[in-house]
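Colleague: I should like to go through this structure step by step, with the reasoning given for each answer. May we begin?

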Amino acid sequence: MTNIPIDITGDSHHHEPPQTWRTYFSFSTDHKVIGIQYLVTSFIFFLVGGIFAMILRGELITPEADLIDRTVYNGMFTMHGTVMLFLWTFPSLVGMANYLVPLMIGARDMAFPRLNAVAFWMVPVVGILLMASFFVPGGPAQSGWWAYPPVSTQNPTGNLINGQVLWLLAVAISGVSSIMGAVNFVTTIVKMRSPGMGYFRMPLFVWAVFSAQIIQLFGLPALTAGAVMLLLDITVGTAFFDPTKGGNPVMFQHYFWFYSHPAVYVIILPIFGIFSEIFPVYSRKPLFGYKVVAISSMLIAVVSGIVWVHHMYVSGTPAWLRLFFMVTTMFVSIPTGIKVFAWVATIWGGKIRLTTPMLFALGGLVMFVFAGITGIMLSSVPVDVHVNNTYFVVGHFHYVLYGTVTMGMYAAIYHWFPKMTGRMFHEGWGKIHFWLAFIGTNLNFLPMHPLGLQGMLRRAASYSPELIGWNIVASLGSFLLGMSTLPFIFNMLISWIDGEKAPANPWRAIGLEWTVSSPPPVENFEEIPVITCEPYGYGKSEDLIASAEHE
């Protein structure tokens with residue numbers, strides 16, 4: 001069925017003035033402006049979260065807790081995870097999707113432009129609340145980014161406004177913002193595709209965003225509700241999760257993980273879509289198995305709803321239920337493996353160009369495969385019970401969150417930077433950034449696996465002296481990883497201000513976003529495009545093959 005784009009809300013951008021730097025500080029309803037607002041805002045918080053991480057690793061470079069107070073350490077540990085997830089990972093991916101999805105499907109804007117703008121402006125509110133928690137009595141929340149009761153229900157200061165209350169308010173607002181965004185994305189993709197763009201003509205990045213946002217719609221209300229219920233326990237004395245009043249603290253874990261494990265797929269699916277867009281371009285080959293890769297995204301979305309107890313093997317879960325969730329967790333590896341096979345088959349025998357975007361995509365793929373191997377290990381009940389709450393889990397999680405997601409985001413930013421700014425970045429600085437980030441990531445997070453196997457617990461400010469060797473390596477890796485952002489910031493700023501003007505299609509890609517000027521006009525297309533052929537690299541593409549022969 002063909003769907004002709006319509007302006008559902010009645011918003012129009014025909015009379016908007018040309019964009020200036022002031023546009024990015026305004027309540028704009030242009031999806032491209034909002035996309036860049038998300039990206040820049042989330043990167044600022046990424047730097048904040050990274051500073052927290054380097055302070056934590058500075059503490060862990062010696063076995064004794066001798067750098068910061070243990071209470072400060074716990075609060076900073078909680079804030080590091082919270083900022084990196086709720087203020088960097090989710091918003092940055094939403095920003096990239098905001099910018100690209102309407103362009104990729106031939107739409108003039110998102111379905112609900114004003115809702116889109118409101119959803120973004122809730123993100124700075126979340127950040128302000130979390131940063132403000134450093135200045136209230138008792139400091140920020142100290143219960144970890146998952147806020148398990150009864151630790152999270154304790155209020156030693158006796159103040160109504162404390163770090164945990166601000167944390168819960170921030171998470172609830174973040175949840176509402178993400179739900180609004182999910183409604184917008186799903187409506188846009190279903191209703192606003194250009195004529196001729198059936199579902200199996202959509203770019204795989206759009207498929208990935210579609211699948212991820214469906215997970216958001218079904219899973220995120222659980223976390224938001226759990227945060228609100230916990231907030232009521234702390235502030236007005238309800239007893240949902242407080243065991244001293246007859247509440248059930250394990251119930252909060254169900255609310256939390258019912259969304260927070262599928263949230264891993266919300267994060268990783270758009271990165272899979274980015275890989276599916278980038279590998280064909282820099283291999284000069286059509287993507288192998290387009291339809292199977294598209295269907296695998298939806299399969300991951302479906303299976304993600306039956307894996308959450310994987311995180312609760314040691315929470316009194318019955319043996320038969322452990323077995324069920326072990327099998328469902330392992331099953332996720334099948335559609336994921338299909339994607340990896342398709343990417344490798346696409347790269348194999350291709351005319352590979354090792355540009356900065358391709359390097360980051362390849363680096364992200366290599367580290368994702370390693371994370372997938374340790375993920376299969378953790379899905380097994382005997383292994384998970386042994387390494388639960390240790391640095392083995394922390395290492396696995398960071399290979400997913402940094403090694404795959406952040407590296408994939410860097411690949412996307414470099415690839416679409418000419419489209420967003422009309423300027424080319426400096427390739428040499430981009431490659432320096434990649435090698436610093438790739439080496440730093442592995443030095444930082446690989447040692448966490450043997451540390452976890454030796455029993456080092458997460459969130460501990462001190463540890464046995466016999467573990468100092470791996471901790472020194474991990475800390476040095478974290479400092480190198482922090483330094484790796486400097487050439488990226490320098491490259492982006494200088495290139496955006498005074499970089500070489502980008503040609504219309506610098507990567508010789510085939511896709512609707514590359515058929516308009518760089519940066520694109522306010523409403524994207526003078527006329528809504530009519531799709532009459534397969535999208536970039538998803539079928540037999542003589543243009544792509546011919547382009548490779550001329551290189």
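Colleague: In this predicted model, is the crossing of H2 and H5 left-handed or right-handed?

Modeller: Helix H2 covers residues 70-105 and helix H5 covers residues 204-235, and their axes are 10 Å apart. The crossing that these two helices form is left-handed.

Colleague: At what angle do H2 and H5 pack, and is H2 roughly parallel or oblique to H5?

Modeller: The two helices pack at an angle of about 135°. An angle over 145 degrees would count as roughly antiparallel, and one of 65 to 115 degrees as roughly perpendicular. The value for this pair falls in neither class, and therefore H2 is oblique to H5.

Colleague: Which residues make the contact between H2 and H5, and how many of them are nonpolar?

Modeller: H2 contributes Phe 86, Phe 90, Met 96, Ala 97, Leu 100, Val 101, Met 104 and Ile 105. From H5 come Phe 205, Val 206, Val 209, Gln 216 and Leu 223. No residue of this contact is charged and 1 is polar, while the number of nonpolar residues is 12.

Colleague: Is Thr 224 buried or exposed, and which residues is it in contact with, leaving aside its neighbours within four places in sequence?

Modeller: Thr 224 has its place in helix H5. Its relative accessibility is 10%, and because a residue under 20% counts as buried, Thr 224 is buried. Leaving aside neighbours within four places in sequence, the residues in contact with Thr 224 are Ala 172, Gly 175, Val 176 and Ile 179.

Colleague: How many salt bridges does the structure hold, and which side chains meet in a salt bridge?

Modeller: Side chains of opposite charge can pair when their charged atoms come close. The structure holds 1 salt bridge, with a distance of 3.0 Å from N to O. Asp 30 is buried at a relative accessible area of 0%, and Lys 32 is also buried, at 3%. The side chains that meet are those of Asp 30 and Lys 32.

Colleague: Where does Leu 56 lie, and what separation is there between its C-alpha atom and that of Tyr 265?

Modeller: Leu 56 lies in helix H1, which covers residues 31-59, and it counts as buried at 6% relative accessibility. Leaving aside neighbours within four places in sequence, Leu 56 is in contact with Tyr 73, Met 76, Phe 77 and His 80. Leu 56 and Tyr 265 are 209 residues apart along the chain, and their C-alpha atoms are separated by 27 Å.

Terms used: Residues are numbered from 1 along each chain as its sequence is written. This is a predicted model: local features need pLDDT of at least 70, side-chain atom pairs count only at pLDDT 80 or more; totals for chains, interfaces and linings use all residues. Side-chain values use heavy atoms; hydrogens and water are left out. Axes are lines fitted to C-alpha atoms, for helices over the stretch in contact, and angles run from 0 to 180 degrees between N-to-C directions. Helices (H or I, at least four residues) and strands (E, at least two) are DSSP runs, numbered from the N terminus. Angles under 35 degrees count as roughly parallel, over 145 as roughly antiparallel, 65 to 115 as roughly perpendicular and the rest as oblique. A crossing is left-handed if the near helix is turned anticlockwise from the far one by less than a right angle, and right-handed if clockwise. Contact means heavy atoms within 4.5 Å. Ala, Val, Leu, Ile, Met, Phe, Trp, Tyr, Cys and Pro count as nonpolar, Asp, Glu, Lys and Arg as charged, and the others, Gly among them, as polar. Buried means under 20% relative accessible area, exposed over 50%, partly exposed in between (1.4 Å probe, protein chains only). A salt bridge is a side-chain nitrogen of Lys or Arg within 4 Å of a carboxyl oxygen of Asp or Glu.
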